[in-house]
Amino acid sequence: HVQLVESGGGLVQPGGSLRLSCVASGDTIGRYCMGWFRQIPDREREGFARIFMKTGASDLADSVRDRFTISRDNTEKTVYLQMNNLKVEDTAMYYCVSGSGVDNYCTSGYSTRWGQGTQVTVS
């Protein structure tokens with residue numbers, strides 16, 4: 001199985017930037033697809049980015065594609081989320097996910113692993 005560790009969250013001013021990292025360890029199949037979700041208290045956890053670790057092909061939700069970028073390193077072990085022009089509305093707990101699926105930002109497969117989350121506060 002896969003273990004994920006996120007880092008990079010914190011407090012930033014509106015318009016600022018932040019880069020989140022997620023380091024995966026474990027079976028390669030478990031990190032076939034990696035993505036990012038975020039959750040605001042009392043709201044449903046929302047996926048918004050995914051990347052296929054072997055090819056680097058990525059997708060972003062319309063709500064963030066103009067400001068966020070997802071990428072991975074050449075070892076296929078780490079995924080990044082570059083967040084630019086942050087808004088107050090971006091304040092949320094951000095979670096990294098690794099899965100064998102494709103749809104629903106990597107979570108449609110038989111195996112899905114979540115990181116512990118990292119808090120991003122824009123104020």
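**Exercise 1. Determine the pairing of the bonded cysteines, numbered in sequence order along the chain.**

Solution. This is a predicted model, in which local features need pLDDT of at least 70, side-chain atom pairs count only at pLDDT 80 or more, and totals for chains, interfaces and linings use all residues. Residues are numbered from 1 along each chain as its sequence is written, and side-chain values use heavy atoms, with hydrogens and water left out.

Step 1. Apply the criterion for a disulfide: a pair of cysteine sulfur atoms within 2.5 Å. Two disulfides are found in the structure.

Step 2. Identify the partners. Cys22 is joined to Cys96, with 2.1 Å between the sulfur atoms; Cys33 is joined to Cys106, with 2.0 Å between the sulfur atoms.

Step 3. In sequence order of the bonded cysteines, the pairing is therefore written as 1-3, 2-4.

**Exercise 2. Establish the handedness of the disulfide of Cys22 and Cys96, and state which strands hold the two residues.**

Solution. Step 1. The torsion about the S-S bond is about -80°, so the disulfide of Cys22 and Cys96 is left-handed.

Step 2. Cys22 belongs to strand S3 (residues 18-26) and Cys96 to strand S9 (residues 92-99), so the bond ties together parts 74 residues apart in sequence. Strands (E, at least two residues) and helices (H or I, at least four) are DSSP runs, numbered from the N terminus.

Step 3. Cys22 has 0% relative accessibility and counts as buried; Cys96, at 0%, is buried too. Buried denotes under 20% relative accessible area, exposed over 50%, and partly exposed in between (1.4 Å probe, protein chains only).

**Exercise 3. Carry out the analysis for Cys33 and Cys106.**

Solution. Step 1. The S-S torsion of Cys33 and Cys106 is -60°, and the link is left-handed.

Step 2. Cys33 lies in strand S4 (residues 33-39) and Cys106 in helix H1 (residues 103-106), so this pair ties together parts 73 residues apart in sequence.

Step 3. Cys33 and Cys106 are both buried.

**Exercise 4. Describe the surroundings of Val79 and of Ser21.**

Solution. Step 1. Val79 is located in strand S8 (residues 78-83) and is buried, at 0% relative accessible area.

Step 2. Contact requires heavy atoms within 4.5 Å. Beyond residues up to four places away in sequence, Val79 touches several residues, among them Cys22, Cys96, Ser21 and Trp36.

Step 3. Ser21 is in strand S3 and is buried, with a relative accessible area of 15%. Apart from neighbours within four places in sequence, the contacts of Ser21 include Val5, Glu6, Trp36 and Val79.
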